[in-house]
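Trainee: I've got a protein model open and I'd like to practise reading it. Can we go through it together?

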Amino acid sequence: MVIQELKPSKRVQGRWLAVMEDGSILRLGEGEVTDFALYAGKELLEEEAERLLASARRSTLREKALALLSRRPQSRKELERRLLEWEAGEEEAAAICDRMEELGYLNDRSYAEQIVRHYSTKGFGEKKLRDELYRRGVPRALWSEALEGAETPSAVIDSFVQKKLSGRTVDRKELQKVSAALARRGFGWSEISDALRRYEEKLELWDD
């Protein structure tokens, strides 16, 4: 296998394109160009070509992982799942995740805190927060610490109840609708009933 042409990519910084004698193009990182001492006209023996292809494949997977993490944070489990979808081997996926953690692009603890903060400020309760942490593959060992950063449930529920019931006739049907909505948001029935009681007490004060 002979490299007919070796040139830097115009689209992706740090990527090189090796045009092979059969017309195929290998997308390489700077590491492959240096480690394999590549140049136009170089002939690769079969074993060396196989090692180069494997190395180039890993570089491509690392680039895709980095691009994904740059767009949106992921848990390690989510990234591993995506790498396997891209046909990485299990050991290969684990090694890439290790590298992303070393570089600071992958951090389950920070990701868990972001999830809790995001859904908590949007008015969701602990059950919803736990469901999201589970769905996104965050290790359970990190849940308690992350959940400590959630908004105070009573304040969140009170705000929701005020928004939904303000200016309405508070009858049994409206209370059931609000209770069901809060339950879907992950709040417990005791939290909901306490919030409705506080709202009713506030109405009584206003009426006085």
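Trainee: Let's start with one residue: is Glu92 buried or exposed?

Mentor: Keep in mind that this is a predicted model. The relative accessibility of Glu92 comes to 15%. The cut-off for buried is under 20%, so Glu92 counts as buried.

Trainee: Which side chain does Glu92 meet in a salt bridge?

Mentor: Look for a nitrogen and an oxygen that are 2.7 Å apart. A salt bridge needs a Lys or Arg nitrogen within 4 Å of an Asp or Glu carboxyl oxygen, so this pair makes the cut. The partner of Glu92 is Arg57.

Trainee: How many residues apart in sequence are the parts that this pair ties together?

Mentor: Arg57 sits in helix α2, while Glu92 belongs to helix α4 (residues 90–103). The pair therefore ties together parts whose separation in sequence is 35 residues.

Trainee: And is Arg57 buried, partly exposed or exposed?

Mentor: Its relative accessibility is 36%. Buried means under 20% and exposed means over 50%, so Arg57 counts as partly exposed.

Trainee: Where does helix α2 lie?

Mentor: Helix α2 covers residues 46–71. It runs at about 65 degrees to β3. As for its place, it lies across β2 and β3.

Trainee: What is the strand order in the sheet?

Mentor: It's an open sheet of 3 strands with antiparallel pairing. The edge strands, each pairing on one side only, are β1 (3–8) and β3 (25–29). That fits the order β1-β2-β3.

Trainee: Which residue in β2 is the bridge partner of Glu5?

Mentor: Strand β2 takes in residues 15–20, and 5 bridges join it to β1. The two strands run antiparallel. In β2, the partner of Glu5 is Val19.

Trainee: About how many helical turns separate Arg82 and Glu85?

Mentor: These two form a salt bridge, with their closest N and O atoms 3.4 Å apart. Both are in helix α3 (residues 76–85), 3 residues apart. So the separation is about one helical turn.

Trainee: Which residue forms a salt bridge with Glu174?

Mentor: Stay in helix α9 (residues 172–184) and go 3 residues along, which is about one helical turn. At 15% relative accessibility Glu174 counts as buried, while its partner is partly exposed at 47%. The closest N and O atoms are 3.8 Å apart, and the partner is Lys177.

Conventions:
Residues are numbered from 1 along each chain as its sequence is written. This is a predicted model: local features need pLDDT of at least 70, side-chain atom pairs count only at pLDDT 80 or more; totals for chains, interfaces and linings use all residues. Side-chain values use heavy atoms; hydrogens and water are left out. Two strands pair if DSSP finds at least two bridges between them. Helices (H or I, at least four residues) and strands (E, at least two) are DSSP runs, numbered from the N terminus. Contact means heavy atoms within 4.5 Å. Axes are lines fitted to C-alpha atoms, for helices over the stretch in contact, and angles run from 0 to 180 degrees between N-to-C directions. Buried means under 20% relative accessible area, exposed over 50%, partly exposed in between (1.4 Å probe, protein chains only).
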